[in-house]
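User: I would like to learn how to read the features of a structure such as the one below. Please start with the terms and then go to the cases.

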Amino acid sequence: MRLFSFRIFIIICLLFFLFPETGQSVEELHVSAHNAILMEQSTGRVIFEKGAHEKRPVASITKVMTAIIALEHGDLNDQVLVSERAVHMNGSSIYLEKDEELPLEDLLYGLMLRSGNDASVAIAEHVGGSLEGFVYLMNEKARYLGMTNTHFENPHGLDEKGHYSSAYDIAILMKYAMENEVFKTISNTKSYQSKNRDYKWNNKNKLLTQFYEPCTGGKTGFTNKAGRTLVTTAKKDHLSLIVVTLNASDDWNDHMSLYENGFDQFKLVKLDRKGEKTFMTEGSFISGYLEDDVIYPLKKEEQTELTKQAILKGETTEKEIGKIVYSIDSNPIIEVPVYRYEKESSHFLTGVIEAIKKILRVDKDG
């Protein structure tokens, strides 16, 4: 009996050796971070979270908001006059000098690549009229984006009472920021040479510069109170992901582990094609249309569990006549509006165009 049990044990060991597990599920992952989130970028689907809505100090990843406010309210070619207040900021610096002038573009690279606190104050004073005015714009933007667990007191992220955010809110912010092409370019830059400096600014984001080829951008942060904070983005096989970690002792590996599991288990799936759709309700057919393809990140097993239901308003003069609800195992994951499809209007317009062409031809012949 003992010999038989030993043989079974050997066989089991061989099976594990020959057929190792493909990977830990994202839900079961363990990360060093106190707070963390893995989000799909295009849809905002949360794939993994750990204390993602807890209010925490976030250090210099605050500067993602600083950059996007500057890009939306400033001009890259603006010449920014550096104040004494900016020069004397504590912490990380790009070593600005009082009364020197630099283009806003240079300061944004110094902000994102080198995390210059002096650059953040110079940007804020120029774009917002004052540091306080700029912070007001930051908080207004946070409210607009639905960052309900966020409040900013400064543009740099140094510890200050009332300055906090959450892993989820930072992911929402990064999702929005990555839609800005200039921000995306800056965030993805490994080094930058300003015409006003005789040396390059190298990006502190080692995930981008050294550790992880799919990385497309991000921002680092650290204070004694916040610990190590990090937001990054990565793309592989058309799937774009965002990871945020707060107070993480091993953040580079946290990010790479979350990315690899996300890329391994999820892919973008086309749930529906844009264009005309026909629905039957109360014995009659109604034509509608979807403005865009419906694309959503799914696990392989989720694709077989996907169902959809059209919910129409009935008789209405509104452009939106209803919605399609897509669900997995009866749990709704996304809703897409259905719009009125007016064939007669398109035929009428075609007829008008043809009539005009005929008139023009008659005039020309005459």
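Analyst: A residue counts as buried under 20% relative accessible area, as exposed over 50%, and as partly exposed in between, with a 1.4 Å probe and protein chains only. At 14% relative accessibility, S240 therefore counts as buried. This is a predicted model, in which local features need pLDDT of at least 70, side-chain atom pairs count only at pLDDT 80 or more, and totals for chains, interfaces and linings use all residues. Residues are numbered from 1 along each chain as its sequence is written, and side-chain values use heavy atoms, with hydrogens and water left out.

User: Where does S240 lie, and with which residues is S240 in contact, leaving aside its neighbours within four places in sequence?

Analyst: Strands (E, at least two residues) and helices (H or I, at least four) are DSSP runs, numbered from the N terminus. S240 belongs to strand 9. Contact means heavy atoms within 4.5 Å. Beyond the neighbours within four places in sequence, S240 is in contact with M39, E40, Q41, A234 and K235.

User: How do I read the pairing of strand 9 with strand 8?

Analyst: Strands of a sheet pair through backbone hydrogen bonds, either parallel or antiparallel. Two strands are taken as paired if DSSP finds at least two bridges between them. Here strand 8 (residues 227-236) and strand 9 (residues 239-246) are antiparallel, with seven bridges. In this pair, V231 stands opposite V244 of strand 9.

User: What is the strand order of the open sheet of five strands with strand 9 in it, and which strands stand at the edges?

Analyst: The order is 2-1-9-8-7, with antiparallel pairing. Strand 2 (46-50) and strand 7 (215-223) each have a single partner strand, so one side of each is left without a neighbour in the sheet. The twist from one strand to the next averages 5°. Axes for such angles are lines fitted to C-alpha atoms, for helices over the stretch in contact, and angles run from 0 to 180 degrees between N-to-C directions.

User: Is strand 7 mostly covered or mostly uncovered, and how many bridges pair strand 7 with strand 8?

Analyst: Strand 7 is mostly covered, with seven of its nine residues buried. Its antiparallel pairing with strand 8 runs over eight bridges, and F222 stands opposite R228 of strand 8. Three residues lie between strand 7 and strand 8, which form a hairpin.

User: What is the order of the open sheet that has strand 11 and strand 14 as its edge strands?

Analyst: That sheet of five strands has the order 11-12-16-15-14, again with antiparallel pairing. Strand 11 (275-281) and strand 14 (306-312) each pair on one side only. On average, neighbouring strands of this sheet are turned by 40° against each other, direction ignored. Inside the sheet, strand 12 (residues 284-290) and strand 16 (residues 331-340) run antiparallel and are joined by two bridges. G288 has R340 of strand 16 as its bridge partner.

User: How do I read the packing of helix 2 against helix 5?

Analyst: Two packed helices are described by the angle between their axes and the distance between the axes. The axes of helix 2 (residues 63-73) and helix 5 (residues 117-128) come within 10 Å and cross at roughly 35°. K63, T66, I69, A70 and H73 of helix 2 make the contact with N117, S120, I123 and V127 of helix 5.

User: Is T66 of helix 2 buried or exposed, and which residues does T66 touch?

Analyst: T66 is buried, with a relative accessible area of 0%. Leaving aside neighbours within four places in sequence, T66 is in contact with L111, I123, F134, M138 and P155.

User: How many residues of helix 4 are buried?

Analyst: Nine of the 11 residues of helix 4 (residues 104-114) are buried, so helix 4 is largely enclosed by the rest of the structure. Among them are L104, D106, Y109 and L111. Just after helix 4, S115 takes a positive phi of about 60°.

User: What separates the C-alpha atoms of G262 and L38?

Analyst: The two C-alpha atoms are separated by 7.9 Å, although G262 and L38 are 224 residues apart along the chain. G262 is found in helix 10 (residues 251-265) and counts as buried at 0% relative accessibility.
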